[in-house]
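Got the viewer open? Keep the selection box handy, and we'll walk through this one stop by stop.

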Amino acid sequence: MTAGPPVPPASYWPDGGGTRPATSKPPGWAVGIMSAAAVVALIGGTVLATRDAGSGTPVAQPPPEVELPVSPPSDGPSARPSLEPSSAAPEETPEASPSSTATSTFAPIADVPEVCDLLPESMTSRLAPKSSSEPGVAKDGYGAKRKDCRWDQKGYHMVGGYNLSRSINVKVNAFQDHDNALEDADFMWDSMRDFSGQTREDPYNTKYGEIKELSGLGDSAYMIYSEHTVRRTSTAWIYVVRGNVTLDIRFIGVDNKGREILSNENSRPVPEAEMLKGVEEIAKEVVKGLSG
């Protein structure tokens with residue numbers, strides 16, 4: 001018998017791990033936790049900076065991120081529960097869901113390439129000036145091979161009296177098949193729909209644009225813009241499903257007045273049109289890299 005892909009611990013599913021739910025919706029008890037996590041991920045955080053004690057050059061720090069429950073913990077146990085049905089109760093055959101009947105015209109990929117190699121320096125230096133790349137901490141798990149990369153600003157980029165701070169974050173997840181990739185994407189898109197067009201007050205302090213559907217990137221793709229109304233940071237987020245792969249791409253920016261290294265009330269958010277144009281350009285380049 002061939003072993004299946006790793007799955008979340010049995011306690012994650014309502015039936016104790018006997019049968020994974022057919023629907024892409026998370027279990028009811030997890031909605032609150034996952035919605036809160038999605039809020040933080042959409043906000044994008046403050047683009048902070050610290051000074052190098054030796055050179056005096058500011059080093060932009062990445063905004064805080066919260067992994068959604070569908071992603072494997074970076075330090076989780078290596079042992080996974082068996083895929084065999086529980087002996088305590090017979091396995092039930094789930095009803096077909098939209099995900100289980102979907103097909104894709106894109107060939108599956110077996111391994112995730114080095115994500116930092118997917119964007120050329122000519123693009124990252126233009127969209128995120130004075131940034132440098134660094135592999136992320138994503139680890140394989142929950143049925144997918146995962147890799148990610150960040151491009152963070154490492155110095156001032158002054159224009160018109162403002163330091164234009166930009167960062168890029170790209171995650172690539174390769175699942176066993178298209179059905180599982182689509183299920184993962186469905187959950188992320190549901191989060192976008194939940195926040196689309198909303199303004200959330202304290203403690204979230206976030207204003208969201210309308211969710212937008214994109215074509216030409218894969219089987220399906222959606223994006224959304226958000227602005228933190230206190231820290232003034234802007235985030236453009238795209239989530240793509242393409243065959244057995246999902247792409248999680250975020251473009252984050254803020255303009256800090258003067259040589260201020262922390263965003264504050266004098267900072268200005270980056271306009272929605274500029275951020276969405278940038279993140280879509282990044283997504284097209286990532287897709288091009290995967291296709292090549």
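Which residues have the most contacts inside the largest nonpolar core? Select I168, V170, V172, L247, I282 and V286: those are the ones, in a core of 35 residues. Bear in mind as you look around that this is a predicted model.

Now colour the elements that feed this core with two or more residues each: helix 2, strand 4 (144-153), strand 6, strand 10, strand 11, strand 12 and helix 4. Helix 4 gives the largest share, eight residues. As background, nonpolar side chains tend to be buried together in soluble globular proteins.

While you're in there, centre on V170. Setting aside neighbours within four places in sequence, its contacts include V115, L119, W151 and I249, along with I282 and V286. C149 is also on V170's contact list, and we'll come back to that cysteine.

**Helix 4**

Next, select residues 272-291. How far apart are the end C-alpha atoms of helix 4? They sit 28 Å apart, and that agrees with the 28 Å expected for 20 residues at 1.5 Å a residue. Show the side chains and pick out the buried ones: M275, L276, G278, V279, I282, A283, E285, V286, V287 and L290. Note that E285 is on that buried list. Now look at what lies over these residues: the cover includes helix 2 (121-127), strand 6 (162-175), strand 9, strand 10, strand 11 (234-242) and strand 12 (245-257).

**Strand 12 and its partners**

Go to 245-257. Strand 12 is largely enclosed by the rest of the structure, because 12 of its 13 residues are buried. Strand 6 runs antiparallel to strand 12, joined to it by 13 bridges. To get your bearings on that pairing, find L164, which stands opposite D255 in strand 12.

Strand 11 also pairs with strand 12, again antiparallel, over nine bridges. Here the marker to click is V240, whose bridge partner in strand 12 is L247. Follow the chain from strand 11 into strand 12 and you trace a hairpin with two residues between the strands. G243 is in that turn, with a positive phi of about 65 degrees.

**S234, a buried serine**

Stay in strand 11 and select S234. Is S234 buried or exposed? It is buried, with a relative accessible area of 0%. Turn on distances and you'll find its side chain making a polar contact with the side chain of Y225, at 3.1 Å. The S234 side chain also reaches the backbone nitrogen of V270 at 2.9 Å. Beyond four places in sequence, S234 touches F251, I252 and G253, among others. M275, one of the buried residues of helix 4, touches S234 too.

For contrast, jump to S215, in the loop between strand 9 (212-214) and strand 10 (220-228). This serine counts as exposed because its relative accessibility is 65%. Measure from S215 to V240 and you should get 9.9 Å, C-alpha to C-alpha, for residues 25 apart in sequence.

**The disulfide**

How many disulfides does the structure hold? One, so select C116 and C149, which it joins with an S to S distance of 2.0 Å. The torsion about the S-S bond is about 100 degrees, so the disulfide is right-handed. The pair links distant parts of the chain, 33 residues apart: C116 is in the loop between strand 2 (58-61) and helix 2, and C149 is in strand 4. Both C116 and C149 are buried.

**Backbone oddities**

Most residues other than glycine have a negative phi, and most peptide bonds are trans. The last few stops are exceptions.

- Select D202 and P203: the peptide bond between them is cis, with omega near 15 degrees. P203 is found in the loop between strand 7 (199-200) and strand 8 (206-208).
- Move along that loop to N205. Its phi is positive, near 50 degrees, and at 14% relative accessibility N205 counts as buried.
- Finish at R232, in the loop between strand 10 and strand 11. Phi of R232 is near 70 degrees, again a positive value in a residue other than glycine. R232 is partly exposed, with a relative accessible area of 24%.

Definitions and conventions:
Residues numbered from 1 in each chain as written. Predicted model: local features only at pLDDT ≥ 70, side-chain atom pairs only at ≥ 80, totals over all residues. Heavy atoms only, no water. Helix = DSSP H or I, 4+ residues; strand = E, 2+ residues; numbered from the N terminus. Buried < 20%, exposed > 50% of the residue type's maximum accessible area, 1.4 Å probe, protein only. Expected span 1.5 Å × (residues − 1). Contact = heavy atoms within 4.5 Å. Pairing = 2+ DSSP bridges. Polar contact = N/O pair within 3.5 Å; in protein donor to acceptor, adjacent residues only side chain to side chain. Core = buried A, V, L, I, M, F, W, Y, C linked by side-chain atoms within 4.5 Å. Disulfide = S-S within 2.5 Å.
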